[in-house]
Amino acid sequence: MKYIDEFQDPELARGLLDEIRSIVTRPWALMEVCGGQTHTIIRHGIDQLLPDQVELIHGPGCPVCVTPLEVIDKALEIASRPEVIFCSFGDMLRVPGTGRDLFRVRSEGGDVRVVYSPLDALKIAQQNPDREVVFFGIGFETTAPPNAMTVYQARRLGIRNFSLLVSHVRVPPAIEAIMRSPNCRVQAFLAAGHVCSVMGLGEYPELAERFGVPIVVTGFEPLDILEGVRRTVAQLERGEHTVDNAYPRAVRSEGNPAALAMLEDVFEVTDRAWRGIGVIPGSGWRLAPRYRDYDAEYRFQVSGIDTREPAQCRSGEVLQGLLKPHECEAFGTVCTPRTPLGATMVSSEGACAAYYLYRRLDMNKTAPREASPVG
């Protein structure tokens with residue numbers, strides 16, 4: 001994309017809001033499945049500017065937040081070992097495990113390093129042949145290809161002291177799990193554009209047809225969100241349920257063939273636990289058998305992990321769209337960015353973090369409906 005300002009134009013935003021108001025005739029509940037979109041919505045007050053009939057529900061779109069507690073605790077155990085250099089993106093260091101986080105491990109002497117690419121971790125492995133280097137590979141379909149490429153490169157170059165602690169998750173099975181929930185109120189989805197830029201649209205039509213829900217692929221700027229809402233509401237009002245690509249500047253229906261080929265080679269689909277939600281069949285990846293030697297769980301044989309979620313934390317309900325962050329009794333009091341109970345409060349894409357950062361502490365005090373969502 002060459003320009004940003006054109007997707008934050010206040011006049012265009014008002015026009016889209018007017019059009020949404022003109023077509024909506026009944027209540028609709030839409031879920032965005034992307035933490036980046038959640039932060040755009042809350043930062044710009046888009047949910048408060050929409051007509052009262054249109055509700056935006058925040059889904060399990062934060063990859064840091066859905067990384068299961070057991071995997072976090074395994075990361076803490078591995079990172080504590082003296083022979084290990086544990087590498088991670090910075091947003092994982094404050095995610096609470098059972099009783100501590102990676103920052104605490106580092107303060108206790110563990111060699112925990114922040115990197116900006118999995119290839120940085122591979123370089124560290126080359127530079128430290130006498131140490132075991134582990135990269136914490138988490139995320140949705142967007143971060144899986146570079147992590148797969150790093151394992152592929154490690155195998156090709158014969159780097160034996162590198163491994164990947166894998167916790168990758170897939171969006172379409174999560175959508176299916178949400179729709180199968182007996183408490184589901186979701187009538188349509190705003191799909192994450194960056195996920196679809198990798199995977200394409202192939203998995204969505206069957207879901208839209210089976211559950212009778214529109215799925216609109218949406219970008220991340222304010223106008224992207226509003227256009228996605230407009231298209232979604234228009235479908236709902238017409239009684240339609242198709243897949244619509246509202247992010248064509250980045251998403252092609254076939255996705256990214258090179259990335260898909262790398263995923264097919266390095267990973268295989270597996271059942272995966274989602275923090276606060278539970279196991280969703282076929283919702284994750286693990287390393288394929290030919291890359292098993294690069295699997296940190298296999299290499300370090302971490303077992304006997306006793307995981308304990310804080311009793312007051314209701315982030316699982318937030319991730320399922322059953323609860324808005326401000327409705328949790330611990331939000332902003334016991335649970336803050338300095339004293340987080342769950343990952344949703346510390347992740348840069350977490351819904352609780354968005355509500356705290358943009359002062360959504362009391363939803364009875366809403367922004368005026370005529371305010372501009374941009375600028």
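**Two pockets in a predicted model**

Visitor: How do the residues that line the second largest pocket divide by class in this predicted model?

Guide: The lining of the second largest pocket comprises 13 nonpolar, four polar and four charged residues.

Visitor: What makes Met-31 and Gly-321 lining residues of the second largest pocket?

Guide: Met-31 and Gly-321 are among the residues closest to the centre of that pocket, together with Ile-178, Gln-320 and Leu-322, and they belong to its 21 lining residues. A lining residue has an atom within 4 Å of a pocket point, so each of these residues meets that cut-off.

Visitor: Why is Gly-321 counted as polar?

Guide: The classification places Gly among the polar residues, and therefore Gly-321 counts as polar.

Visitor: Which elements give two or more residues to this second lining?

Guide: They are β2 (54-58) and α9 (171-180). The largest share, three residues, comes from α9.

Visitor: How much space lies in each pocket?

Guide: About 430 Å³ lies in the largest pocket, and about 270 Å³ lies in the second largest pocket.

Visitor: What is the make-up of the lining of the largest pocket by class?

Guide: That lining has eight nonpolar, two polar and 10 charged residues. Lys-74, Arg-272 and Glu-297 are among the lining residues closest to the centre of the largest pocket. Lys, Arg and Glu count as charged, so these three residues belong to the charged class.

Visitor: Why is β10 called a strand?

Guide: A strand is a DSSP run of E with at least two residues, and β10 (267-274) is therefore named as such a run. The largest share of the lining of the largest pocket, five residues, comes from β10.

Technical notes: Residues are numbered from 1 along each chain as its sequence is written. This is a predicted model: local features need pLDDT of at least 70, side-chain atom pairs count only at pLDDT 80 or more; totals for chains, interfaces and linings use all residues. Side-chain values use heavy atoms; hydrogens and water are left out. On a 1 Å grid over the protein atoms alone, a cavity is a set of points where a 1.4 Å probe fits but cannot get out, and a pocket is an open set with protein on both sides within 12 Å along at least five of seven lines; lining residues have an atom within 4 Å of a point. Grid points are joined across faces, edges and corners, and a volume is the space filled by probe spheres set on the points. Helices (H or I, at least four residues) and strands (E, at least two) are DSSP runs, numbered from the N terminus.
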